[in-house]
Amino acid sequence: MKQLIYASIAYETVGFNTVKGILNTAHEMNFNNAITGMLVYNGEYFLQCIEGSEENVNTLFENIKKELE
């Protein structure tokens, strides 16, 4: 198993329904990619800790980097 922890910032206040949608999407994507983890939102930052096979975690990390470019 491999772990990855990353944080991202919300550039505007995110409402409850938006956070709920993000959590549901993250859960579905992680489930489909055999990744488990935790996503926390404190009103400004999202912090996610994910765990899975090295290949799956590396693939997710590459996808995250592409979104940031």
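Ala 26 is buried, with a relative accessible area of 17%, where buried denotes under 20% relative accessible area, exposed over 50% and partly exposed the range in between, computed with a 1.4 Å probe and with protein chains only. The residue belongs to helix α1, the helices (H or I, at least four residues) and strands (E, at least two) being DSSP runs numbered from the N terminus. Although Ala 26 and Met 38 are twelve residues apart in sequence, their C-alpha atoms lie 9.5 Å apart in space. The model is a predicted one, in which local features need pLDDT of at least 70 and side-chain atom pairs count only at pLDDT 80 or more, whereas totals for chains, interfaces and linings use all residues. Residues are numbered from 1 along each chain as its sequence is written, and side-chain values use heavy atoms, with hydrogens and water left out.

Helix α1 spans residues 16-32 and includes Lys 20, which counts as partly exposed because its relative accessibility is 46%. Between the C-alpha atoms of Lys 20 and Asn 32, which are twelve residues apart along the chain, the separation is 18 Å. Asn 30, also assigned to helix α1, is buried at a relative accessible area of 10%. When neighbours within four places in sequence are set aside, Asn 30 is in contact with Ile 35, Gln 48, Ile 50 and Leu 60, contact being defined by heavy atoms within 4.5 Å. In the loop between α1 and β2 is Ala 34, which has a positive phi of about 55 degrees although it is not a glycine. Most residues other than glycine have a negative phi. Ala 34 counts as exposed, since its relative accessibility is 54%.

Strand β3 comprises residues 45-52 and contains Gln 48. The side chains along β3 alternate, such that Phe 46, Gln 48, Ile 50 and Gly 52 point to one face and are buried, while Tyr 45, Leu 47, Cys 49 and Glu 51 point to the other face and are not. For Gln 48, the buried classification follows from a relative accessibility of 6%. Apart from residues up to four places away in sequence, Gln 48 touches Leu 4, Ile 5, Tyr 6, Asn 30, Met 38 and Leu 39.

Two further strands are joined to β3, with pairing assigned if DSSP finds at least two bridges between the strands concerned. Strand β1 (residues 2-9) runs antiparallel to β3 and is joined to it by eight bridges, with Ser 8 standing opposite Phe 46. Strand β2 (residues 36-41) is likewise antiparallel to β3, in this case through six bridges, and Tyr 41 has Phe 46 as its bridge partner. The hairpin of β2 and β3 has three residues between the strands, and within this hairpin Gly 43 takes a positive phi near 100 degrees.

A nonpolar patch on the surface is formed by Ile 5, Met 38, Val 40 and Leu 47, which together have about 380 Å² of accessible area. Patches are made of residues with over 30% relative accessible area and no salt bridge, like charges being joined within 9 Å and nonpolar side chains (Val, Leu, Ile, Met, Phe, Trp, Tyr) within 5 Å; the areas come from the Shrake-Rupley method with a 1.4 Å probe, and for residues only the protein chains shown count as cover. Within this patch, Ile 5 lies in strand β1 and is exposed, with a relative accessible area of 58%.

In the interior, the largest nonpolar core has six residues, namely Leu 4, Ile 35, Ile 50, Val 57, Leu 60 and Ile 64. The largest share of this core, three residues, is contributed by helix α2 (residues 54-68). Such a core is a set of buried Ala, Val, Leu, Ile, Met, Phe, Trp, Tyr and Cys residues joined through side-chain atoms within 4.5 Å. Ile 64 touches Leu 4 and Tyr 6, residues up to four places away in sequence not being counted.

The structure holds one salt bridge, a term that requires a side-chain nitrogen of Lys or Arg within 4 Å of a carboxyl oxygen of Asp or Glu. This salt bridge is formed by Glu 62 with Lys 65, whose closest N and O atoms are 3.2 Å apart. Both residues lie in helix α2, three residues apart, or about one turn of the helix. Glu 62 counts as partly exposed at 38% relative accessibility, and Lys 65 counts as partly exposed at 34%.
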